[in-house]
Amino acid sequence: MERKHNNLNRIIHRTVEELNSTLKILCETSITNFTKIISAKILNYKLNRSGNPENKNDIKCLMRKHGILMRYFEKRYRNFIGSYRFDGKSIPEDSNFKNKIWVCWWQGIDNAPDIVKKCVHSIRVNAMPYEVIVLDDTNYRNYVNVPDWMELKRSQGIITRTHFSDFLRLELLAEHGGIWLDSTFFANNFNVEEIIKLPVWSIKRPGYAHLSIACGRFANYSFGCDFENRKVFAIIRDYLLEYWKTNDSMIDYLFLDYLIELALRHNSYLKKMFNDIPDNNPECDELQKILGKEYSEKKWKELTEDTQLFKLSWKQSYPMKVNGQDTFYGKMINNNL
């Protein structure tokens, strides 16, 4: 059984964090817009907890929030956007870490929950002969260059591990290319050879969900690019660095998606590269919903027909068996999935 993540202290902390970040936006918008953002964040939490699909009113509520936040970002970073020019100096020529698959578990994989260990193992098996590099607190500096001011903010607790991992994935791809996958991806017949040759890649299911402004067009837990197109993520990284230079808190839990959307709107090169990503992994979130249910071979065949990567979570507990029969989780833990 996995440890529970949604304890009271964390819920209180996240609630205070979201309220404080939204109050910052209130200074530059109306009380009406503030109310709309709060309503959308509450709805986001409810949808995530229940797993229920969005209805038309939900979508309207979420898209209103996205519109307000994008106007905030446009206003706040207007000068930066107008003056930004990518000069290419921040992309190293070193190709020693070319064609790697990047995964991160800050505490070290040996200290990860069983579900994370099993996911990383599945990525390694599917990635062969490509190397999977698991980053943690002790080794990430071996692979990326981190500005001193960002390390300082991290040491002060201003930038948390969650926030810092956003930078880490962008910096890894900007410097080396390859594929970034969150450590909670379970891989099944994942064709790394096919993905690693694409100019730019992300899990893409247009119109899938509206909790994020990405609306399924990209997913920040899965990015990739070939060595020649590292510029894509270097540009997005520069937007993120500008954000943290001028902020000491996260405006929204999914703020990286807003920054990517901002970059796409103002850079035709990025827009084309993301538009050219082929649709893929349509059932990516579906295994998570049934992980604790009794295993069905028929259902597994349906899920894996056109999906090779499944996004799971370490934040919930799952039974190994139900009514004496293996669950999907039990099959996965016992290497039978």
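This is a short tutorial chat about reading a sheet, a buried serine, a loop residue and a cavity in a predicted model.

User: Let's start with the sheet. What holds strands together in general, and in which order do the strands of this open sheet come?

Analyst: Strands of a sheet pair through backbone hydrogen bonds, and the pairing can be parallel or antiparallel. Here five strands make an open sheet, and reading across you get S2-S1-S3-S6-S5. The pairing is mixed.

User: Which strands stand at the edges?

Analyst: Those are S2 (132–135) and S5 (200–202). Each has a single partner strand, so one side of each has no neighbour in the sheet. As for the twist, neighbouring strands are turned by 15° against each other on average, ignoring direction.

User: Okay, so "mixed" should show up in the pairs. In which sense do S1 and S3 pair?

Analyst: Strand S1 (residues 101–104) and strand S3 (residues 178–181) run in the parallel sense, with two bridges. Look for two tryptophans there: Trp 102 is opposite Trp 180 in S3.

User: And how many bridges join S3 and S6?

Analyst: Four, and that pair is antiparallel. To find one of them, pick Ile 179, whose bridge partner in S6 is Gly 224. On to the next pair: S5 and S6 are also antiparallel, over three bridges. There, Val 200 has Cys 225 in S6 as its bridge partner.

User: How do I read the side chains on a strand? Which residues of S6 point one way, and which the other?

Analyst: The general idea is that side chains in a regular strand alternate between the two faces of the sheet. In S6, Ser 222 and Gly 224 point one way, while Phe 223 and Cys 225 point the other way. All of these are buried.

User: Let me zoom in on Ser 222. Why does Ser 222 count as buried?

Analyst: Ser 222, in strand S6 (residues 222–225), counts as buried because its relative accessibility is 0%, and the cut-off for buried is under 20%. Leaving out residues up to four places away in sequence, Ser 222 touches Trp 180, Leu 181, Phe 185, Trp 201, Ser 202 and Ile 203. For Ile 203 there is a polar detail too: its backbone nitrogen lies 3.1 Å from a polar atom of the Ser 222 side chain.

User: Now a loop residue. Where is Asp 306 found, and is Asp 306 buried or partly exposed?

Analyst: Asp 306 sits in the loop between helix H13 (297–303) and strand S7 (309–311). Asp 306 is partly exposed, at a relative accessible area of 39%.

User: What does Asp 306 contact, leaving aside neighbours within four places in sequence?

Analyst: Asn 281, Pro 282 and Glu 283. Asn 280 is worth a look as well: its C-alpha atom is 7.8 Å from that of Asp 306, though the two are 26 residues apart along the chain. Closer to home, the side chains of Asp 306 and Thr 307 make a polar contact (3.5 Å).

User: Last one, cavities. How many of 30 Å³ or more does the structure hold?

Analyst: One. The largest cavity has a volume of about 40 Å³.

User: Which residues line the largest cavity?

Analyst: Tyr 77, Phe 80, Tyr 239, Glu 242, Tyr 243, Leu 259 and Leu 262. Two helices, H9 (231–245) and H10 (255–266), each supply at least two lining residues. H9 gives the most, with three residues.

Key. Residues numbered from 1 in each chain as written. Predicted model: local features only at pLDDT ≥ 70, side-chain atom pairs only at ≥ 80, totals over all residues. Heavy atoms only, no water. Pairing = 2+ DSSP bridges. Axes fitted to C-alpha atoms, helices over the stretch in contact; angles between N-to-C directions. Buried < 20%, exposed > 50% of the residue type's maximum accessible area, 1.4 Å probe, protein only. Contact = heavy atoms within 4.5 Å. Polar contact = N/O pair within 3.5 Å; in protein donor to acceptor, adjacent residues only side chain to side chain. 1 Å grid on protein atoms, 1.4 Å probe; cavity = no way out; pocket = protein on both sides within 12 Å on 5 of 7 lines; lining within 4 Å. Points joined across faces, edges and corners; volume = space filled by probe spheres on them.
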